[in-house]
Amino acid sequence: MSSKGQLTIPKDVRDDLGLVTGSKVMFVKMSDGQYRIVPRTGRVDDLIGMLHDPDSPPLTLAQIHEAIAEGGAASGLRGLPEGRP
């Protein structure tokens, strides 16, 4: 990695991902904590199933709300701005 945080992607990886000069990529954090590089040149359909873990039990609504609250707290979110419902 360069001092500016830039990465060099090997040619065979660029070819496999269909990346060309000026292509954009996303770094997607997976449930196991690892990251996946996804070209932004693809379609939304290419992302289907990427975050789904069939071995994970469904979350309850309370668990979903708790995860959202924890994520907001971790990011420094302090609730809704005044005057917003």
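Met1 counts as exposed in this predicted model, because its relative accessibility is 77%, above the 50% that marks an exposed residue. The residue sits in the segment before α1, the helix of residues 11-17. Met1 also contributes to a nonpolar surface patch of about 600 Å². The other members of this patch are Leu7, Phe27, Tyr35 and Ile37.

Two of those patch members, Phe27 and Ile37, lead directly to the strands. Ile37 in β2 is the bridge partner of Phe27, and both side chains belong to the nonpolar patch just described. A further pairing places Val28 opposite Arg36, its bridge partner in β2. In total, 5 bridges join β1 (residues 25-29) to β2 (residues 35-39), and the two strands run antiparallel. The hairpin that they form leaves 5 residues between the strands. Within this hairpin, Gly33 adopts a positive phi near 90 degrees.

The segment before α1 also holds Ile9. With a relative accessible area of 23%, Ile9 is partly exposed, since the buried class is reserved for values under 20%. Leaving aside residues up to four places away in sequence, Ile9 touches Arg14 and Leu19. The second of these partners, Leu19, lies 10 residues from Ile9 in sequence, and the C-alpha atoms of Ile9 and Leu19 are 9.6 Å apart in space.

Helix α1 itself carries a charged pair. The side chains of Asp15 and Lys11 meet in a salt bridge, with an N to O distance of 2.9 Å. Side chains of opposite charge can pair when their charged atoms come close. Asp15 and Lys11 are separated by about one helical turn, because they stand 4 residues apart in helix α1. Their accessibilities fall on either side of a class boundary: Asp15, at 47%, counts as partly exposed, whereas Lys11, at 52%, counts as exposed, because the exposed class begins over 50%. The structure holds 1 salt bridge.

Turning to the chain as a whole, there are 2 helices and 2 strands, and from the N terminus on these elements follow the order α-β-β-α. Of the 85 residues in the chain, 8% are buried. The accessible surface comes to about 7,800 Å², and carbon and sulfur atoms account for 55% of that surface. As for contacts between residues at least 6 apart in sequence, 0% join residues at least 24 apart.

Confidence in the prediction deserves a word alongside these features. The chain averages a pLDDT of 79, and 72% of the residues score at least 70. Confidence is highest in α1, at a mean of 90, the helix that holds the pair of Asp15 and Lys11. It is lowest in helix α2 (residues 61-74), where the mean is 81. Where pLDDT is low, the predicted coordinates should not be read in detail.

Methods: Residues are numbered from 1 along each chain as its sequence is written. This is a predicted model: local features need pLDDT of at least 70, side-chain atom pairs count only at pLDDT 80 or more; totals for chains, interfaces and linings use all residues. Side-chain values use heavy atoms; hydrogens and water are left out. Two strands pair if DSSP finds at least two bridges between them. Patches are made of residues with over 30% relative accessible area and no salt bridge: like charges are joined within 9 Å, nonpolar side chains (Val, Leu, Ile, Met, Phe, Trp, Tyr) within 5 Å. Accessible areas come from the Shrake-Rupley method with a 1.4 Å probe; for residues, only the protein chains shown count as cover. A salt bridge is a side-chain nitrogen of Lys or Arg within 4 Å of a carboxyl oxygen of Asp or Glu. Buried means under 20% relative accessible area, exposed over 50%, partly exposed in between (1.4 Å probe, protein chains only). pLDDT is the predictor's confidence in each residue, from 0 to 100. Contact means heavy atoms within 4.5 Å.
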